[in-house]
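Reader: I should like to learn how a pair of packed helices is read. May we work through an example together?

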Amino acid sequence: MATPVATAYVPPRSFAASGGARYRLIKVWREARRIPLLPSAVIVMFVIFAVFAPLVSPYDPTQIALVQKLKPPFFIEGGGIAHLLGTDNLGRDVLARLIWGSRVSLSVTAAVVVISSIVGLLIGLAAGYVGGRADDFLMRVADGSIAFPAVLIALLFAVSLGPGVTTVIIALSVLSWANYARIVRGEVLRMRQLEFIVGARVIGCSPLRVMVAHLFPNLVDVWVVMITLQVGLIVLSEAALGFLGAGVPPPTPSWGSLVSDGRNFVDTAWWISFFPGLAIGLLVLSVNYLGDWLRDRMDPQLRHR
Amino acid sequence: MGRFLLNRVIQSIVTILVISMVVFLMARATGDPVTLLASDKATAQDIAVLKQQLGLDQPVPVQYWVFLTNAVRGNLGKSLADKGDVAQLIGERLPNSAVIGLPALLLSTVIGMAMGVVAAVKRDTWVDKSMRVIAVLGQSMPAFWVSIMAIFFFSVVLRVLPTSGMGTPDHYILPIAVLTFFALPMRMRLMRSSLLEIMGTEYVKQARAKGLSESAVVWRHAVRNALSPQLTSFGLTLAFAVTGAVLVETVFSWPGLGLLAYQAMLARDYPLIQGTVLLVAVLTIGANLLVDMLYAVVDPRIRY
């Protein structure tokens with residue numbers, strides 16, 4: 001994509017010149033107070049669900065109780081506070097399954113984001129700084145993986161490696177690293193020309209030192225913004241794979257597979273599919289909102305990417 | 001121009017080769033096909049004969065070459081599940097995907113761009129804000145869930161549209177609508193941002209200064225120049241649409257390529273999914289190449 005190259009002078013920032021830890025802390029606090037509250041609250045809620053699932057969940061998510069099957073949520077006649085969001089066709093509590101599902105979905109997302117952001121950062125740094133053939137090759141590979149339909153490749157992985165958590169993590173990481181690598185590389189190419197990098201090289205810094213001590217501190221902003229913007233996409237992709245049955249095998253609930261469980265009951269029990277899907281949408285909406293906010297605050301130049 | 005095009009064509013071929021290698025190597029990871037095909041009573045000699053018949057006694061590069069030359073000739077092997085010819089199965093399903101995919105691409109492009117223009121012109125009014133809400137929703141809601149909820153609302157509650165399958169014209173409405181909804185945000189956001197950028201340029205000021213009506217300024221001067229980023233992002237939209245198609249076709253039991261890929265996954269039918277992936281790779285990369293060629297037509301400033 002043709003993106004406008006920022007021409008404005010960016011003041012260099014390196015760890016040595018950051019003006020003391022205390023000043024930094026105050027700055028972080030001032031920024032943190034402006035974070036949009038509602039989206040953050042939604043994210044925190046789901047993270048609490050995921051981390052403390054055994055404590056928060058009202059029931060065992062896999063416990064079958066046919067007597068209780070297809071109970072509607074509390075606000076519909078026939079429902080009760082015993083099962084706030086109703087029960088599924090096997091009498092399992094929808095809320096409990098949703099809470100436990102967040103555990104699988106969020107941990108897979110976290111793993112994918114950690115792996116792909118680090119791999120993408122390293123490849124982008126190396127490709128941009130070293131340049132030449134290696135750069136050409138790596139960027140071809142990146143272009144190829146970006147242009148390719150994500151879910152289809154993930155299905156291919158699921159067939160050859162067998163469905164499961166590891167497969168999903170591998171497949172989504174393979175598809176996601178290139179987004180980081182491309183942006184990081186672009187930033188490195190731009191900064192390479194700036195005085196502070198040229199200067200660092202002139203006084204004899206090794207390439208590794210230039211990358212770690214001088215380039216990286218100036219990439220953090222872009223990198224963090226990219227991470228927040230990718231999280232939503234990964235949550236959606238993980239859910240899509242779970243829905244298609246290429247994710248965690250049953251009876252372990254994940255958000256995508258929960259929506260799929262209710263597919264055949266839309267005419268009688270819409271709530272089985274509705275709430276897990278709503279959870280996915282809410283989380284992605286919040287993460288994307290926060291990502292857009294962060295991008296605008298950190299670098300208005302990035303707004304159109 | 002010739003040199004650039006040649007380079008682009010070579011690049012595209014290399015990318016397709018890389019994908020074919022990944023697909024080929026992934027096939028090795030599925031496990032030894034001989035153990036799948038041979039019966040329990042097969043002796044060591046039977047297995048050796050079977051290996052020879054399948055060409056599995058050859059070195060891996062030779063096997064890859066055989067696989068590649070066969071694929072180029074349109075021989076993608078046999079489906080494991082129903083023993084049908086993979087190329088033929090794909091050929092039957094491809095038109096079904098196209099009849100919902102192409103209208104959705106067209107609709108999302110036209111509606112998305114129009115929404116982007118309106119949002120940019122009415123910047124920061126309620127019109128702009130509500131359009132941005134639509135875009136954000138389209139980017140955040142899971143496609144499969146929206147499809148299921150659409151079935152619930154239109155087929156179960158209102159009883160106006162069929163739930164799934166393919167047949168009457170009514171069957172086309174929901175799949176096309178959902179696909180359009182998901183391809184729309186990218187078009188709209190991009191149009192809005194590039195138009196906003198253009199509206200601040202000197203030549204737009206100049207067009208206004210010489211007394212052109214606002215609609216002439218927007219449609220004849222600004223929008224035309226906002227078209228080339230749209231073209232660039234088309235490749236990305238296409239990849240996105242294929243992903244959407246897999247999910248939407250699965251929910252609506254629409255007999256297209258996406259549903260075929262899903263069924264192949266369920267049956268762990270490697271030749272079938274491998275054929276689908278290869279075909280989609282060729283299609284998306286070909287489309288990207290075409291877009292690059294069209295670039296020079298749309299934007300006369302670009303001369304290769």
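Reader: Which residues in H8(B) meet which residues in H10(B)?

Author: This is a predicted model, in which local features need pLDDT of at least 70 and side-chain atom pairs count only at pLDDT 80 or more, while totals for chains, interfaces and linings use all residues. Residues are numbered from 1 along each chain as its sequence is written, and chains are lettered from A in the order in which they are written. Helices are DSSP runs (H or I, at least four residues), numbered from the N terminus. Two residues are in contact if their C-beta atoms, placed from the backbone, lie within 7 Å. Here B:Leu195, B:Ile198 and B:Met199 of H8(B) meet B:Ala222, B:Val223 and B:Asn225 of H10(B).

Reader: At what angle do helix H8 and helix H10 of chain B pack?

Author: Two packed helices are described by the angle between their axes and the distance between the axes. Axes are lines fitted to C-alpha atoms over the stretch in contact, and angles run from 0 to 180 degrees between N-to-C directions. Helix H8 (residues 170–199) and helix H10 (residues 214–225) of chain B pack at about 120°, with axes 8 Å apart. H8(B) is therefore oblique to H10(B); angles under 35 degrees count as roughly parallel, over 145 as roughly antiparallel, 65 to 115 as roughly perpendicular and the rest as oblique.

Reader: Is B:Ser253 buried or exposed?

Author: A residue is buried if 20 or more other C-beta atoms lie within 10 Å of its own, exposed if 12 or fewer, and partly exposed in between. B:Ser253, in the loop between H12 and H13 of chain B, is partly exposed because 13 other C-beta atoms lie within 10 Å. B:Ser253 also has a positive phi of about 45°, although it is not a glycine.

Conventions
Helix = DSSP H or I, 4+ residues; strand = E, 2+ residues; numbered from the N terminus.
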